[in-house]
Amino acid sequence: MFPKIFKIASVASLTSLAAVGSAFAVDLEFYFPVAVGGAAATTIEKLTADYVAANPGVNIEAIYAGSYSDAGVKALTAARGGKPPQLSVLLSTQMFTLIDEDVIVPFDDFVSADEQESWINGFYPSFMENSQTGGKTYGIPFQRSTPVLYWNKKAFAEAGLDPDVAPANWDEMVEFGKKLTKKDDSGNVTQWGVRIPSAGFPYWLFQGLSTPAGAILANSDGNKTNFNDPKVVEALEYLVDLSAKHGVMQPGSIEWGPTPKAFFEGETAMMWTTTGNLVNVRTNAPFDFGVAMLPAKERRGAPTGGGNFYLFKDSTDEQKDAAVDFVQWITSPEQAAVWSIATGYVAPRPDAWETDALKAYAADFPPALVARDQLEFAVAELSTYENGKVTQTFNDALASAIAGEKTAQEALDQAQATADRILKPYR
Amino acid sequence: MRNSARHQWIYAWLLLSPAMIFLITFTHYPAVQTVISSFFSTARGRRESVFIGWDNYTTLMADEVFWKVLVNNFWYAVWTIPLSIILSLAMALWVNDKLRGRGFLRMAYFTPTVLPLIAVANIWLFFYTPGFGLIDQIRGLFAYPEQNWMGSPDTALYSMIAVAIWKEAGFFMIFYLAALQTIPPSLREAASIEGAGKFYYFRRIAFPLLMPTTLFVSVNAVINSFRLVDHIFVMTEGGPNNASSLLLFYIYEVAFDYWDTAYAATLTVVMLAILTTVAIGQFFFLDKKVHYK
């Protein structure tokens, strides 16, 4: 027994000696979350391995950290315990929370002026809205998405609509929706016109209504919200009326999970959901479908979503340099193209769309371009200091209006008052 | 003589220490630390945590969501505890009888317990789905309109309660089944000679003999009514507008979504107080009515 333990111990000490001996290699820990399906995890691991193979001086351990919220909890807990990862992909909306906790540093200090221009300024501006504050860049866009409208061409044709034209504005969505809503003999609905999932976090798709209405929910300093702006109220009333007045959407809060299935089963003729579902819909829809930008009101508009790279504070300068170098590499056009094709996330830089790989992909599957084109009109996802609390307050207000417990105006006035109280210390 | 007495002391402490060390590190120390944290503010970045007295408790009293989840938790307990106990007892009596396919029935009743709650929640998610979910498909056969079970504030909490009962009853059934089999058959024979009916036998003989099990099961049911919240994460995330949120779920939300750990500690103190009171009550008052052999 004992000799065996000694043997293991001596092997262990030898390997640790070897690790020290391998000449000043920089070790990095990198947390990543996966929100949809399996391809994402293997792709990240493969990309990381490719980078390590090409850069012998650096060791990167890519650690799968669960869902977005799991990864956020793990990274913050590790940072509070004094052992943060050097690098992590977390929700773009967590920027203010991470700054408030004093655990991240901006990327600007670790890039040259040239790189600032060519790299940081080379991302889509709408993705940078959630990544910069106070003139500093805290996040680098990576697995980013935006919601789009999917429509069932077969159902459109059956309802006497042009199967190749999606509703361009709010009025058309209601009008099309009425034609698409089918009832059986006993008056029960068998096919709804449209489905906008709202359970859990209604605020995200709601931004697909408030933005076209002309409202911006929070300022870029993350310390002031506009929840009871008349345009926000108008957007919420429209959402509520889809079920309550026009009867084109199932009433009550609507689950995200079964939404694609509802679309495949013909339970709804149109659905709003993330571009992250593009590959899923392409594989599983038993009919021809189309993908369009969200309908317009005063303007077109949609939120962005998804995750950014963050650089953690508690690490050596060598580690930070190495981490920034890795992020530059993985967001470069070729890598971004590989990533985008494998997952359906929107490649975050215009130059990535110039690569042969993405050009070929887009030619083969044009709906992939809709999300990219919508970026021109997209705005930041709702994000403030005390983000969890403020967003939940807003979610509760939306949910109570959707459930018919309060009017849109009442619910939003209350949410604004609560948000003001929470954000006061940050002004 | 003195030496051996001291040896015995050391011996006793050595025997006690493993359990004690674990209990203190993982139960008592965290509980005390929770109470202490509830009197401090949450540390954020460079702002240190400071002593703020009863401030967190004042916030708690004014927190609408807190009162809402407390009321929800009350109804959750009121429905899940008696219903799961009655159901488990009925199932145990049923599968304790000699009937064909008894083994299969027992297994069927126990299956929900074996499944992880997260998996269960995902299954129920599709039962409840409006339109093409199992429940609505069955309702559809009778031309009922579709019903948004989890998406409407009136039914969301009750949907969660149904899942919890379904999950728990099979587990409690096992305890009742074991207890039923320890009741000597001679009692039943004696009762039938005396002419006691089946129901009379259950009311006056079997049920009193099952009381220790009922106590055990009810303590567990009470704890579970505060603890069993995993399905809420999967199914409703507490929504819509906190209609299906429970105390423990709210604590998690405050601690790991809002990162307000001090306030989460305050909420935890409330939960500890409730559970302690209920447990003490059960043991001291109910214990008198329990008949041990």
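Which residue of strand 11 of chain A does A:Tyr150 stand opposite? In this predicted model, the residue opposite A:Tyr150 is A:Met271, in strand 11 of chain A. The report starts from this pair, follows the sheet around it, and then turns to other elements of chain A, to chain B and to the contacts between the chains.

## Confidence in the model

Chain A has a mean pLDDT of 88, with 94% of its residues at 70 or more, while chain B also averages 88, with 97% of the residues scoring at least 70. For the complex, the predictor gives an ipTM of 0.79 and a pTM of 0.85. One stretch calls for care: over residues 1–23 of chain A the pLDDT stays under 50, and the model has zero contacts for these residues beyond four places in sequence. Where pLDDT is low, the predicted coordinates should not be read in detail.

## An open sheet in chain A

Five strands of chain A form an open sheet, in the order 9-10-11-8-12, and their pairing is mixed. At the edges are strand 9 (182–183) and strand 12 (289–292), each of which pairs on one side only.

Strand 9 of chain A pairs with strand 10 in the antiparallel sense over two bridges, and within this pairing A:Lys183 has A:Val189 of strand 10 as its bridge partner. These two strands form a hairpin with five residues between them, and in the turn A:Gly187 has a positive phi of about 85°. Strand 10 then pairs with strand 11 of chain A in the parallel sense over three bridges, where A:Trp192 has A:Thr268 of strand 11 as its bridge partner. Further along the order of the sheet, strand 8 (residues 147–152) and strand 11 (residues 268–274) of chain A pair in the antiparallel sense over five bridges, and A:Tyr150 and A:Met271 stand opposite each other here.

Outside the order listed for this sheet, strand 7 (residues 139–145) and strand 14 (residues 305–312) of chain A pair in the antiparallel sense over six bridges, and A:Arg144 stands opposite A:Gly306 in strand 14. The table gathers these pairings of chain A.

| Strands of chain A | Sense | Bridges |
|---|---|---|
| Strand 9 and strand 10 | antiparallel | two bridges |
| Strand 10 and strand 11 | parallel | three bridges |
| Strand 8 and strand 11 | antiparallel | five bridges |
| Strand 7 and strand 14 | antiparallel | six bridges |

## Covered elements of chain A

Strand 10 (residues 189–195) of chain A has six of its seven residues buried, so this strand is largely enclosed by the rest of the structure. Strand 7 of chain A is mostly covered as well, with seven of its seven residues buried.

Helix 17 (residues 387–402) of chain A is likewise largely enclosed by the rest of the structure, because 16 of its 16 residues are buried. From its first C-alpha to its last, helix 17 reaches 22 Å, close to the 22 Å expected at 1.5 Å a residue. After helix 17 comes A:Gly404, whose phi is positive, near 80°.

A loop residue can be buried too: A:Pro33 lies in the loop between strand 1 (26–32) and helix 2 (39–54) of chain A, and A:Pro33 counts as buried because 24 other C-beta atoms lie within 10 Å, where the cut-off is 20 or more. Leaving aside neighbours within four places in sequence, A:Pro33 is in contact with several residues, including A:Ala65, A:Tyr68, A:Val89 and A:Gly307.

## Two helices of chain B

Helix 10 (residues 211–227) of chain B has 17 residues, which should span 24 Å at 1.5 Å a residue, and its end C-alpha atoms are indeed 24 Å apart. B:Thr213, B:Thr214, B:Val217, B:Ala221 and B:Ser225 are buried in helix 10. Seen down the axis of helix 10 of chain B, its buried residues fall within an arc of 100°, so they line one face of the helix. These buried residues pack against helix 3 (64–96) and helix 7 (156–182) of chain B.

Helix 12 (residues 247–256) of chain B is mostly covered, with eight of its 10 residues buried; among them are B:Leu247, B:Phe249, B:Tyr250 and B:Glu253.

## Where the chains meet

In the predicted complex, 27 residues of chain B are in contact with 32 residues of chain A. The side of chain B that touches chain A has 12 nonpolar, 10 polar and five charged residues.

Conventions:
Residues numbered from 1 in each chain as written. Chains lettered and ligands numbered in written order. Predicted model: local features only at pLDDT ≥ 70, side-chain atom pairs only at ≥ 80, totals over all residues. Helix = DSSP H or I, 4+ residues; strand = E, 2+ residues; numbered from the N terminus. Expected span 1.5 Å × (residues − 1). Buried ≥ 20, exposed ≤ 12 C-beta atoms within 10 Å, placed from the backbone. Arc of directions from axis to C-beta. Contact = placed C-beta atoms within 7 Å. Pairing = 2+ DSSP bridges. pLDDT = per-residue confidence, 0-100. Nonpolar A, V, L, I, M, F, W, Y, C, P; charged D, E, K, R; others polar.
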